Amino acid sequence: MADITNDGRELSAATAAIHRHYRQLLATKRLYSALAVAGIAIVLVLALIFANDASSGKFVDRIPYLFDFIKNFVPDDPFEIIRAMFDLPSPYADGSFKYDYEVGRHYLFGTGLYVPEYFFEMLVTLNIAFMSTLIGGLFAFLLCFVAASNLGVAAPVRWIVRRILELMRAFPEIVLAGMLAAVLSLGPIAAIFAVSVHTVGALGKMFFEVVENADMKPDDGLRAVGANWFERVRFAIVPQVMPNFVSYFLLRTEINVRASTIIGAVGGGGIGEVFRQSIGRDHAAKTYAIVILLFLTIVAIDQLSGWLRRRLVGNAAFQFGA
Amino acid sequence: MSAIVLTASDRTRLRRSHPSLFNPGIFKRWGGLMLIAGALAYLIYGWAFFDIGRTLSDGKWERAGIYMADWISWEAQPRYRFQPDGSLQIEHQRFSPLGENPDTDWMTTLPDGREEVTFGSSANRVEIGTTDVVAVVDDVPYEIVFANENAVLPVNAPAAFSEKNGRVTVSFGFAGSAEIRSTQVLVRRRFFGWENFVFDTTSPFWGMSLPELWSTIASGPQIEPDQSNLTLAWHEFLTNSEWQHGDVLNKLLQTIVMAFVGTLFAATLAFPLAFIAARNVTNSRPMNWITKRFFDFTRSVDMLIWALVFTRGFGPGPLAGIAAIFVTDTGTFGKLYSEAIENIDDKQREGVRSVGASAADVNRFGVVPQIAPVVISQTLYFWEANIRGATIIGAVGAGGIGLKLLEAMRTNQDWENVAYMVLLILIVVFVFDNISNALRTRLIGKSQ
């Protein structure tokens, strides 16, 4: 706050007291702010020193060479990227896997038609994301009415459901995927399971908060004519919360597309896995092809979902959350 | 619901006065059902695409039980080898949790020289001799004899017995099993709990009871000449070879640091940039456009890509993780903050400007107070999310506990270590959720 300074005119005793109190409050507030900033700064410095010591490449040593690896990532010519993306034969082919783009083709119905490898892997990732959003959304929808505090569900039941949702949200996805992958051998189903469980937790929380903010008048009306719990939820709550639910569902779809690329990289399959392999092996053209494909897909999904959300709920429905 | 009876004329009147209610459009009438049908069709397609049915039925589900049991229990595997001279030699697995010379009450030598292993109670036990083995299940003894180098399944053996390739396996449920061959008996004895959680078997403190440990640390003779027993005990705890407490805690701290530093840096950089990106603050279309596209770019290039790129750049370690979170969230924060700035009430800025404030002061007192709640709450939300998310980007090499978790799972034998790390992660997540909630309530009130 800007200081109110005494510009030389005499203040009355009462005003002077108010002015003094104001200055005191301001001083205290500034002191606390300064302490908080200093505290954060100290923690930050300690954290940075720790992170630097724990990393195999030290920050100061690495900075000049940070992007040296890009030198290995110069495709032989720009069209290589396109060839890699569409699995076309490369003029640089020397028998090595680096230039063998055709090997990844997924032929359709035994004809000459094929789906290029990275498009297919992208489809796998998208299917993982959509499947898990659908499955997770379904369970979140069923659980959220039990977790909400305004629908007369017994407190112990509500407490248990909420703790289950929290656990599902906080449980590391990589462990969920790893557990199922150990049984099924690595694969996308483990990824679907992991992302679904997380989705139930995350969407469940957002859903029940929406339900708790619902207008209870329609519910009162239905209760007055003797509707049972399911009828009240169905006809009083669901129509109100549906737009927000759909909006959160679409947001979660965007988040899950990203989540399933990452989980793919640690063994879930899909585009994440091929990306990790190609960047690890210095396959420049393939890496760029995947980055471009992934970037375009994510932008497209975000735009589509944003457009749908605006159509369904209007502009207000842009709210992020974990 | 009791029915309300309408006359025919009432009905026509209602129909005529509210046609929109009685003749809704096709989407209003069937839209919900169509959505559900579409979702179902998609799920069926996905089921076929991933071949879920077959993969599930091909899964090694019998292993799942063992893995789950490993989370909370441990197994000792003594092996009784039959020697040519008719004696028995007991062999333990390498790095046996029982230590060098185990002395347990469930492995005893009988008066006649045979060995005995009990499974939970004396009603379930295996008596091991070189010529025959007696398995006692629920107090009923079954004799297993050997013929042609094969163990023979006793007649009328219960379901706990099974035979395969000349090996008879007796299952005692959770307590373990005994596999009987003509040359040896392999006992798997399972116990509830985490074995050697504090000290490993090579530690001088191993096997001490709590009072014993206390008296050793407090007043016992110094074990190592150059350090006190307390520091030695702490060192032994951290270097526990099975549980690796020191390493696990270090990696966990790395994960927390990655999320904290990455989020803080991202917020610090995104905050000023958001003012440049906001149309109503910076009156320059090219600048708005460039900053916004910059946000879109860093946000839409996946965090996975940034993590892998920086892992190549910095080498494995938390610096790569910090950089990945920093770059991705700069974009996200920038977008959120600039949208918040564009949605502010302009009157407050005009008020500040009207008293002759400088441009900086207009933003400081006209904009910041309005966007502060959004900025604080979103930043804290992402901090929470990043603490969870940092685990998984760590698994691709960007530092933190993720890689350790992945390695522990890959072996399929260290599920108890996985359980330990998961427990620590859950505790960290809940603690930081509460810190962030408390901060949010403190800073912007209960309304959130």
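I call a residue buried if 20 or more other C-beta atoms lie within 10 Å of its own. With that cut-off I went through chain B of this predicted model, and buried residues came out at 31% of its 448 residues.

**Entry: overall form of chain B**

I looked up the radius of gyration next. Chain B has 34 Å, where a compact globule of 448 residues would have one near 22 Å. I also boxed the C-alpha atoms along the principal axes and got roughly 105 × 85 × 45 Å. The domain assignment splits chain B into domain 1 (23-59), domain 2 (75-192) and domain 3 (245-444). I took the C-alpha centres of domain 1 and domain 3 of chain B and found 36 Å between them. For secondary structure I noted 15 helices and 13 strands in chain B. Then I checked contacts in chain B between residues at least 6 apart in sequence: 57% of these join residues at least 24 apart.

**Entry: the open sheet in chain B**

I traced an open sheet of 6 strands, in the order S4-S5-S6-S7-S8-S9 of chain B, with antiparallel pairing. Which strands sit at the edges? I found strand S4 (107-109) and strand S9 (150-151) of chain B there, each pairing on one side only. Inside the order I picked out S6 (residues 121-128) and S7 (residues 132-137) of chain B, an antiparallel pair with 4 bridges. As a reference point in that pair I wrote down B:Val126, which stands opposite B:Ala135 in S7(B). A reminder to myself: strands of a sheet pair through backbone hydrogen bonds, either parallel or antiparallel.

**Entry: what pairs with S13(B)**

I then followed strand S13 (residues 184-192) of chain B, beginning with its link to strand S1 (residues 73-76) of chain B, which is antiparallel and has 4 bridges. B:Ser73 has B:Phe192 in S13(B) as its bridge partner. Strand S2 (residues 79-82) of chain B also pairs with S13(B), antiparallel, over 3 bridges. For that pair I noted B:Arg81 opposite B:Gln184 in S13(B). How many bridges tie strand S12 (residues 176-180) of chain B to S13(B)? I got 5, again in the antiparallel sense. B:Ile180 stands opposite B:Val185 in S13(B), and the hairpin that joins S12(B) to S13(B) runs through 3 residues.

**Entry: chain A, domains and confidence**

For chain A, the domain assignment gives domain 1 (1-66) and domain 2 (115-313). Their C-alpha centres lie 40 Å apart. The mean pLDDT of chain A is 86, with 94% of its residues at 70 or more. By element, I see the lowest confidence in H2(A), at a mean of 79, and the highest in H4(A), at 94. I flagged residues 317-322 of chain A, where the pLDDT is below 50. Beyond near neighbours in sequence, that stretch has 12 contacts in the model.

**Entry: where A meets B**

Last, I counted contacts across the two chains: 53 residues of chain A touch 61 residues of chain B. On the chain A side, the elements giving two or more residues include helix H1 (13-54), helix H4 (117-147), helix H7 (188-212) and helix H9 (229-268). Which element gives the largest share? I found H6(A) there, with 8 residues. Sorted by residue class, the chain A side divides into 37 nonpolar, 11 polar and 5 charged.

Terms used
Residues numbered from 1 in each chain as written. Chains lettered and ligands numbered in written order. Predicted model: local features only at pLDDT ≥ 70, side-chain atom pairs only at ≥ 80, totals over all residues. Contact = placed C-beta atoms within 7 Å. Nonpolar A, V, L, I, M, F, W, Y, C, P; charged D, E, K, R; others polar. Domains from an automatic or database assignment. pLDDT = per-residue confidence, 0-100. Pairing = 2+ DSSP bridges. Rg over C-alpha atoms; globule rule 2.2 N^0.38 Å. Buried ≥ 20, exposed ≤ 12 C-beta atoms within 10 Å, placed from the backbone.
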